[in-house]
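Me: I'm new to this one and would like a close look at a single part instead of a quick tour. Could you pick a spot, stay with it for a while, and then show me what else is worth finding from there?

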Amino acid sequence: MHELISIHKTGFRLLKKIHSVDSAIIPLHMLEVFLSLAQVYASLFLTSVLIDLLLAGNFPDAGIMAVWLLLVNLLFGVAVHLTKRKFRGMKNKIWILFYVWLREKAFSLDYETMENPEVAEKILFSERTSDMHGGLGILLYHYLEILRAALHILLSVSLIVYLCMAAPRIPNAVLSTLAHPLPSAILFAGVLAGMILSSFRVFKKFAQKQQEIFDNHTGVENKLSYFIAQIYGNVKTAKIIRIYGMEEMIFENTMRNQKQSIDYFKEMCDTSIRQNDADQMVNSFFTIASYLLVTLKAVTGAISIGAFTRYAGALNQFGNACFSIITSHGELRKICTYMKEFLAFLDTESLHGKGSIPVEKRDDGEYELAFEHVSFHYPGNDKLVLKDINCRFHIRGKLAVVGKNGAGKTTFIKLLCRLYEPTEGRITLNGIDIKKYSEEEYRRLFGVVFQDFKLFSLPVRENITAGFPGQDDRIWEALRQADAEKLVLNMPEKLDTFLYKNLEDGVEVSGGEAQKLSLARALYKDAPIVILDEPTAALDPKAEADIYARFNQMVEGRTSIYISHRMSSCRFCDEIIVFEDGRIVERGSHDELLAASRNYAKMWNAQAKYYVC
């Protein structure tokens, strides 16, 4: 009972969410159920009357009844058709809702929460199982089938009760005794109890088996999805595969996982077939017993021949309805089991609050940022990446953050941009903890080009404006500043040219070209603080120095922060912070740090032979 309540608690919550998006979806589907039921039982009743009139030789009334039968079927048939046509487009809407809710929730969570592997796995699991077994649309379908079946049972039981109460009129010692109301009611109740008990045993036996198959199959699908999406669907891996001749190895791994997947699907199908056969056998015994009861009533004169068709049809509907409830409940059990993971993801709370205080708008752009005893470790790892960081810097300066790989530079920027929050200590803007500011407003202070910058398969215009109001003159100005104007002018549709070929037959851009477009995006945002987080790490020191020199001119009048493990950017900066092992070990100007002959000087001298001074 607890499991039953849990299943339908999940199901009803999902139905409520569907209804909240479009209040017409569920009522329209329910209307179709009522109309189709009305058509079935009206046809059963009119057909039975027609047969009795024909057997009685009352052909004029039989003709009228035949016309009524045709009209009723026509009217209900047209109504059902129009209703189904009305919600035909709703099926796609319901299917899309699932993915929309996933994305909306993902965008609402903070970066730290989304980076949690467990959260990412919930998303992948929800998407994969929905694709494999059906999502919200299938859930709604099975609930409507249960409603349809319940109404069938209610209506058919009313007819069956009336059938059992019909007394025999033709004397026959044995048959008349069995056809009397009480014995026939006991016979029917016994047959019904036997069918329900047998069906429940069949369901319980196969439900456990199907759950085992489903649980085991998930791991196999994870592996297969990796090969299909991350290897076969990734252009970057194509070069590595060809250079190292990995085709056969990749294909063998794929086929091994595919075979396991096929084996699981075969086992799942075989189990479903065996369950269906067992259910059909139970249903067949019920149907035979039911027809024997109706025949008994007809032979003893308790009902007419026309009524025989009505009651036989009602009993057939009853049996099918019981079978449908069991089948649909089994499918709902499976759907709601994996939909719990989907709802668990929707219930996921961000680790940190979003704040509400608006950021002070200053015409002079004078802001002060400060790290106060900030330490930080990543979730699931107790090793501190930053250790007791204390620093303060004003806007409108040029700051370089340098250090060896793994020294904590990028983590420092992630905390500054509020992608993570400190494990200890706090970061302040004009003396106020940045956690108290509106997250959206605070992030508007920053334009960032990360080392792993990303452009999207969208037009150049949307890649540059990034959701901000689009102004062509400003876009072209940002492109000119980033040395990308000529690149875009040579594209077929200029600003409306799609990048890459994922969505359209777009233009493929090189790494250097993509870097320029990313710089243009950061400049277009017109944020008071612009950050370059090692986007030039793949370049040689001289090329990196040239880019930083050009970028230094682009960000004139704004605060710029350069993060690098190389020293080529530092000569353009007012101040340099040196990281080592998660700590700030030096701070000062280029000349001051060289004169100190410590960490910075050692790194500079080690790399100086590559620089053109």
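Reply: A word on names before we start: helices here are DSSP runs of H or I with at least four residues, strands are runs of E with at least two, and both are numbered from the N terminus. Also keep in mind that this is a predicted model.

Let's settle on strand β1 and the contacts its residues make. β1 covers residues 368-376, and F376 belongs to it.

Start with the charges. The side chain of E372 meets that of R392 in a salt bridge, with 3.9 Å from N to O. E372 sits in β1 while R392 sits in strand β2 (residues 386-394), so this pair ties together parts that are 20 residues apart in sequence. How covered are the two partners? E372 has a relative accessibility of 21%, so it counts as partly exposed, and R392 is partly exposed too, at 42%. For E372, remember that buried means under 20%. The pair isn't on its own either: E368, E372, R392 and R426 are linked in a network of salt bridges. A search through the whole structure brings the count to 15 salt bridges.

Now go to F376, in the same strand β1. Which ring does F376 pair with? The partner is Y420: the ring centres are 5.3 Å apart and the planes are at 65°, so the pair is edge-to-face. Y420 sits in the loop between α13 (409-416) and β4 (424-429), 44 residues from F376, and the pair links distant parts of the chain. Are these two rings' residues buried or exposed? Both are buried: F376 has a relative accessible area of 1%, and Y420 comes in at 3%. This is one of 10 aromatic pairs found in the structure.

Strand β2, where we met R392, gives us another contact to follow. K387 is in β2 too, and D581 lies in the loop between β9 (575-580) and β10 (583-588), so their pair ties together parts that are 194 residues apart in sequence. The salt bridge between D581 and K387 spans 3.2 Å, N to O. Here the accessibility is split: K387 counts as buried at 17%, whereas D581 is partly exposed at 48%.

For another salt bridge, look at D472 and R461, whose closest N and O atoms are 2.4 Å apart. D472 is in helix α16 and R461 in helix α15 (residues 460-465), so the pair ties together parts 11 residues apart in sequence. D472 is partly exposed at 36%, and R461 is partly exposed at 23%.

Right after α16 (472-481) comes a loop that leads to α17 (485-489), and D483 is in that loop. What is unusual to look for in its backbone? D483 has a phi near 60°, a positive value in a residue other than glycine. Further along, K494 does something similar, with a positive phi of about 55° although it isn't a glycine. K494 is in the loop between α17 and α18 (511-524).

Charges can meet rings as well. The charged end of R474 sits over the ring of Y524, 4.2 Å from the ring centre. In another place, the charged end of K17 sits over the ring of W101, 4.6 Å from its centre. W101 is also joined to F98 and F342 in a cluster linked by ring pairs.

To finish, go back towards the N terminus. Helix α2 (residues 25-55) has 31 residues and reaches 46 Å from its first C-alpha to its last, close to the 45 Å expected at 1.5 Å a residue. Just after α2, G57 takes a positive phi of about 80°. Then comes helix α3 (residues 59-86), where you'll find I64. I64 is one of the residues in a nonpolar patch on the surface, along with V67, W68, L71, L74, L75, V78 and L82. Together they have about 780 Å² of accessible area. G63 is in α3 as well, and its C-alpha is separated by 8.3 Å from that of L50, 13 residues away along the chain.

Conventions
Residues are numbered from 1 along each chain as its sequence is written. This is a predicted model: local features need pLDDT of at least 70, side-chain atom pairs count only at pLDDT 80 or more; totals for chains, interfaces and linings use all residues. Side-chain values use heavy atoms; hydrogens and water are left out. Patches are made of residues with over 30% relative accessible area and no salt bridge: like charges are joined within 9 Å, nonpolar side chains (Val, Leu, Ile, Met, Phe, Trp, Tyr) within 5 Å. Accessible areas come from the Shrake-Rupley method with a 1.4 Å probe; for residues, only the protein chains shown count as cover. A salt bridge is a side-chain nitrogen of Lys or Arg within 4 Å of a carboxyl oxygen of Asp or Glu. Rings of Phe, Tyr and Trp (its six-membered ring) pair if their centres lie within 6.5 Å; planes under 30 degrees apart count as stacked, over 60 as edge-to-face and the rest as tilted. Buried means under 20% relative accessible area, exposed over 50%, partly exposed in between (1.4 Å probe, protein chains only). A charge sits over a ring if NZ of Lys or CZ of Arg is within 6 Å of the ring centre and within 35 degrees of the ring normal. The expected span of a helix is 1.5 Å times one less than its number of residues.
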